Amino acid sequence: MPHKDYYKILGITRNATPEEIKKAYKKMAVVYHPDKNPNDKQAEDKFKDVLEAYNVLSNPDKKFKYDTLDSTFGTSFSTSNTPFENWDFKEKVQQVSEDLTGFFNNFFQPEGNPTNEKPQDLETTIFLSLEEIATGTTRNVETDKNKTVTIPIKAGVKEGQRLKIKGKGKSGGNLFVNIKTKPHLVFQRKGNDLYRDIHVPLYTAILGGKSSFITLQGEMIDLTISPQTANAKLLRLEGYGLPLLEDNKKKGDLYLKVEVAIPKDLKPEELSLFYQLYKMRE
């Protein structure tokens, strides 16, 4: 019964450890993967052989049957007086052979692809809050055949970034995850910088003083307002933005846009004083 030499296909010895088998498979799969060899029938066939060999040799039960059958068919079943004339033994070998019917001719996919399907990439989009982007988080994404994959997301992930999760697509393809930022009621994101409005009373804007606000992290800060601060002026607080993806110890800045609050329900005496001030400025 002719069959493929899986050890030769992976370039390993018969005494190879599970780690060596896996290492050899990964090395050859990268070389012959269809994504790297489009429209190359020879590379595609080689890729299938590599997958088939790995599926068999990485499975202890399949590997045992393969090794048993391989050693058995290397022996002649003649009618001479040999130890293999024992019919009980021959029946056991025949049972192994029947159990492996089609074993060497079927295309096996490792890690969740037992069919002959070609790997296909999947793509999805997830929406993250600014709080999740500030600290990092995880997301459960449903993939091929209702399987769920937990994806770790680092702090500082960028708007529009496309994450690649290898081997988690359809039939062993890749999974691509697009990152989008949810709108926030208070803060707006620009890169790693954050922007928000801060309401300052008219008298504080003119005379100077303190104005309190809360950061994205929930920290209360008393901000010093300089005298004669103009409406819509941007105040910059260094290091109060989002962490950098490349280095979470570094952060962007927070920009505060001053919104001067005009007092309401002024009494006649107050209006009179404002009128006097107006005449003075005139």
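**Entry 1: Gln228**

I began with Gln228, which is exposed, with a relative accessible area of 70%, and I note at the outset that the model I am reading is a predicted one. Gln228 sits in the loop that runs between strand 9 (220-225) and strand 10 (234-237). I looked up its backbone and found a positive phi of about 60 degrees, although Gln228 is not a glycine. I kept the background in mind here: most residues other than glycine have a negative phi.

**Entry 2: Ser171**

I then turned to Ser171, another residue that is not a glycine and yet has a positive phi, of about 55 degrees. Its place is in the loop between strand 4 (162-165) and strand 5 (175-181). Is Ser171 buried or exposed? I found a relative accessible area of 3%, and because buried means under 20%, Ser171 counts as buried.

**Entry 3: Asn178 and Pro152**

From that loop I moved on to strand 5, where Asn178 lies. Asn178 counts as buried, at 16% relative accessibility. Leaving aside residues up to four places away in sequence, I listed what Asn178 touches: Glu123, Thr124, Thr125, Ile126, Gln161 and Arg162. I also checked the spacing to Glu159, which is 19 residues from Asn178 along the chain, and the C-alpha atoms of the two are separated by 8.7 Å.

Pro152 belongs to strand 3 (residues 148-153), and at 63% relative accessibility Pro152 counts as exposed. With residues up to four places away in sequence again left out, Pro152 touches Thr137 and Thr138. The C-alpha atoms of Pro152 and Arg139 are 6.7 Å apart, with their positions 13 residues apart along the chain.

**Entry 4: the nonpolar cores**

Next I asked which residues have the most contacts inside the largest nonpolar core. They are Ile151, Val177, Phe213, Leu223 and Leu256, in a core of 33 residues. Strand 11 (residues 254-261) gives the most to this core, with four residues. For Leu256 I wrote out the contacts beyond four places in sequence, and they are Arg196, Ile198, Phe213, Leu223, Lys233, Leu234, Leu235 and Leu237. Apart from this core lies another, of 19 residues, including Tyr6, Ile9, Leu10 and Leu51. The general expectation I set beside this is that nonpolar side chains tend to be buried together in soluble globular proteins.

**Entry 5: the second largest pocket**

I looked up the second largest pocket, which holds about 300 Å³ of space. Its lining consists of Leu202, Tyr203, Ile206, Leu207, Glu270, Leu273, Phe274, Leu277 and Arg281. The elements that give two or more residues to this lining are helix 7 (202-207) and helix 8 (268-281). Helix 8 gives the most, with five residues. By residue type, I recorded seven nonpolar, no polar and two charged residues in the lining.

**Entry 6: the whole chain**

I closed with the totals for the protein, which has eight helices and eleven strands. Of its 282 residues, 34% count as buried. The accessible surface comes to about 18,300 Å², and 52% of that surface belongs to carbon and sulfur atoms. I also looked up the contacts between residues at least 6 apart in sequence, and 54% of them join residues at least 24 apart.

Terms used: Residues are numbered from 1 along each chain as its sequence is written. This is a predicted model: local features need pLDDT of at least 70, side-chain atom pairs count only at pLDDT 80 or more; totals for chains, interfaces and linings use all residues. Side-chain values use heavy atoms; hydrogens and water are left out. Buried means under 20% relative accessible area, exposed over 50%, partly exposed in between (1.4 Å probe, protein chains only). Contact means heavy atoms within 4.5 Å. Accessible areas come from the Shrake-Rupley method with a 1.4 Å probe; for residues, only the protein chains shown count as cover. On a 1 Å grid over the protein atoms alone, a cavity is a set of points where a 1.4 Å probe fits but cannot get out, and a pocket is an open set with protein on both sides within 12 Å along at least five of seven lines; lining residues have an atom within 4 Å of a point. Grid points are joined across faces, edges and corners, and a volume is the space filled by probe spheres set on the points. Ala, Val, Leu, Ile, Met, Phe, Trp, Tyr, Cys and Pro count as nonpolar, Asp, Glu, Lys and Arg as charged, and the others, Gly among them, as polar. A nonpolar core is a set of buried Ala, Val, Leu, Ile, Met, Phe, Trp, Tyr and Cys residues joined through side-chain atoms within 4.5 Å.
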